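Grab a pencil and open the viewer. Try each exercise yourself before you read its solution.

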Amino acid sequence: MECNPLRNYMRERDLTDHVFLRRVLSHIEKHALFEHRFFQAFSDGRLTIGDVGVWAKQRLFSSQRFAYFLGVFLSHLPDGPAKQVFIRQKSEEEGDGNPEKAHSKYLERLICALGVSSQDLDAETMLPGTCDFVGTFMRISCEGDILKGMSMYGFGEAVIAMEMTLLLEGLDTIPGLLPEDKEYCSKHALIDEHHAAELLDVLWPYLKNSSDEDRAWRGLVEILDARKGFYDGIVSVIGI
């Protein structure tokens with residue numbers, strides 16, 4: 001799958017020949033995440049509304065914690081442009097002062113539209129793949145490696161935009177969902193390309209040599225693999 005957010009960024013910044021970015025682009029586009037059987041079954045209409053509910057409930061664990069992950073990582077950033085960008089990202093994640101516009105609230109609305117009861121949602125526990133996914137975000141945010149963390153978040157936003165595009169294709173196969181029910185995915189698909197560009201712009205001053213690039217590479221690889229592991233856990237439960 002083409003990583004259009006990163007392709008557009010490279011074209012707009014005249015970085016299409018940047019060796020490290022081309023390596024990142026190739027890794028993302030060839031990653032098994034985007035050929036995952038979850039997405040294939042979803043877009044083919046082979047998932048039940050209950051199957052989708054399993055995904056949504058598990059995804060809520062990371063969504064509800066994302067602003068906290070950003071806050072932890074922020075504590076390691078020195079004052080300056082990068083910190084300001086991450087502060088804005090955290091504020092937007094939390095709804096810019098309106099709790100009802102927090103990103104996790106959009107997912108909660110989708111979960112409700114899928115017919116998941118509040119009792120069922122409260123009883124949900126993390127699957128192993130979800131634990132690893134959430135744990136990877138927390139671990140890298142805590143480590144204090146600024147390059148690794150900025151890469152995880154910056155390239156990760158481009159990956160999320162791709163992921164949300166695939167999820168929207170799947171949600172279109174579920175009868176009865178209204179456009180507002182899908183806003184968790186539709187909004188991310190639109191805004192995360194902008195988020196990626198903002199975060200990558202402040203990453204570059206930190207990339208001074210191949211050692212720096214190697215640290216940034218680890219942030220991308222580890223979170224991308226953990227994201228695939230999240231979906232491996234989902235399909236193990238729904239049985240596809």
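Below are six exercises on this predicted model, each with a worked solution.

**Exercise 1. The overall build**

Work out which kinds of secondary structure the chain has, and whether its radius of gyration agrees or disagrees with that of a compact globule.

*Solution.*
Step 1: Count the elements. There are 11 helices and zero strands, so the pattern along the sequence is written with nothing but α: α-α-α-α-α-α-α-α-α-α-α.
Step 2: Check the radius of gyration. A compact globule of 240 residues would come out near 18 Å, and this chain has 17 Å, so the two agree.
Step 3: Look at the extent. The C-alpha trace spans about 50 × 35 × 30 Å along its principal axes.
Step 4: Ask how much is hidden. Of the 240 residues, 54% are buried.
Step 5: See who meets whom. Take the contacts between residues at least 6 apart in sequence: 81% of them join residues at least 24 apart.

**Exercise 2. Surface and charge**

Find how much of the accessible surface belongs to carbon and sulfur atoms, and how far apart the mean positions of the two kinds of charge are.

*Solution.*
Step 1: The accessible surface of the chain is about 10500 Å², and carbon and sulfur atoms account for 51% of it.
Step 2: Now the charges. The chain has 26 positive and 38 negative ones.
Step 3: Take the mean position of each set, and the two points turn out to be 3 Å apart.

**Exercise 3. Two loop residues with a positive phi**

Say where aspartate 14 and aspartate 96 sit, and decide whether each is buried or exposed.

*Solution.*
Step 1: Start with some background. Most residues other than glycine have a negative phi.
Step 2: Aspartate 14 goes the other way, with a phi near 55°. Its place is just after α1, in the loop between α1 (4-12) and α2 (19-30).
Step 3: Aspartate 96 also has a positive phi, near 50°. You'll find aspartate 96 in the loop between α5 (81-93) and α6 (103-113).
Step 4: Exposed means over 50% relative accessible area. Aspartate 14 is at 68%, so it counts as exposed. Aspartate 96 is at 54%, so it counts as exposed too.

**Exercise 4. What hides α1?**

List the buried residues of α1 and name helices that help cover them.

*Solution.*
Step 1: Go along α1 and pick out the buried residues: Pro5, Leu6, Asn8, Tyr9 and Met10.
Step 2: Look at what lies over them. The cover includes α2, α9 and α10 (183-203).

**Exercise 5. Two buried residues in helices**

For glycine 170 and serine 63, find the helix, the burial and the contacts beyond four places in sequence.

*Solution.*
Step 1: Glycine 170 belongs to helix α9 (residues 146-171). Serine 63 belongs to helix α4 (residues 49-74).
Step 2: The cut-off for buried is under 20%. Glycine 170 is at 0% relative accessibility, so it is buried; serine 63 is at 7%, so it is buried as well.
Step 3: Leaving out residues up to four places away in sequence, glycine 170 touches Phe42 and Ser43. With that rule, serine 63 touches Glu93, His103, Ser104, Leu107 and Tyr184.
Step 4: Try one distance. Glycine 170 and asparagine 4 are 166 residues apart in sequence, and their C-alpha atoms are 19 Å apart in space.

**Exercise 6. Two acidic residues in α11**

Which side chains make polar contacts with those of glutamate 222 and aspartate 225, and is each of these two residues buried or partly exposed?

*Solution.*
Step 1: Find the helix. Glutamate 222 is in α11 (residues 210-238), and aspartate 225 lies in α11 as well.
Step 2: Glutamate 222 has a relative accessible area of 17%, so it is buried. Aspartate 225 has 41%, so it counts as partly exposed.
Step 3: Find the partners. The glutamate 222 side chain makes a polar contact of 3.0 Å with the side chain of arginine 139. For aspartate 225, the side-chain partner is histidine 31, at 2.8 Å.
Step 4: Add the other neighbours. Beyond four places in sequence, glutamate 222 touches Thr136, Arg139, Ile140 and Lys148.
Step 5: Finish with a distance. Aspartate 225 and valine 202 are 23 residues apart in sequence and 24 Å apart in space, C-alpha to C-alpha.

How values were computed:
Residues are numbered from 1 along each chain as its sequence is written. This is a predicted model: local features need pLDDT of at least 70, side-chain atom pairs count only at pLDDT 80 or more; totals for chains, interfaces and linings use all residues. Side-chain values use heavy atoms; hydrogens and water are left out. Buried means under 20% relative accessible area, exposed over 50%, partly exposed in between (1.4 Å probe, protein chains only). Contact means heavy atoms within 4.5 Å. The radius of gyration is taken over C-alpha atoms; the globule rule is 2.2 Å times the number of residues to the power 0.38. Accessible areas come from the Shrake-Rupley method with a 1.4 Å probe; for residues, only the protein chains shown count as cover. Lys and Arg count as positive and Asp and Glu as negative; His and the chain ends are not counted. The place of a charge is taken as NZ of Lys, CZ of Arg, CG of Asp or CD of Glu. A polar contact is a pair of N or O atoms within 3.5 Å; within protein, one must be able to donate a hydrogen and the other to accept it, and residues adjacent in sequence count only if both atoms are side-chain atoms.
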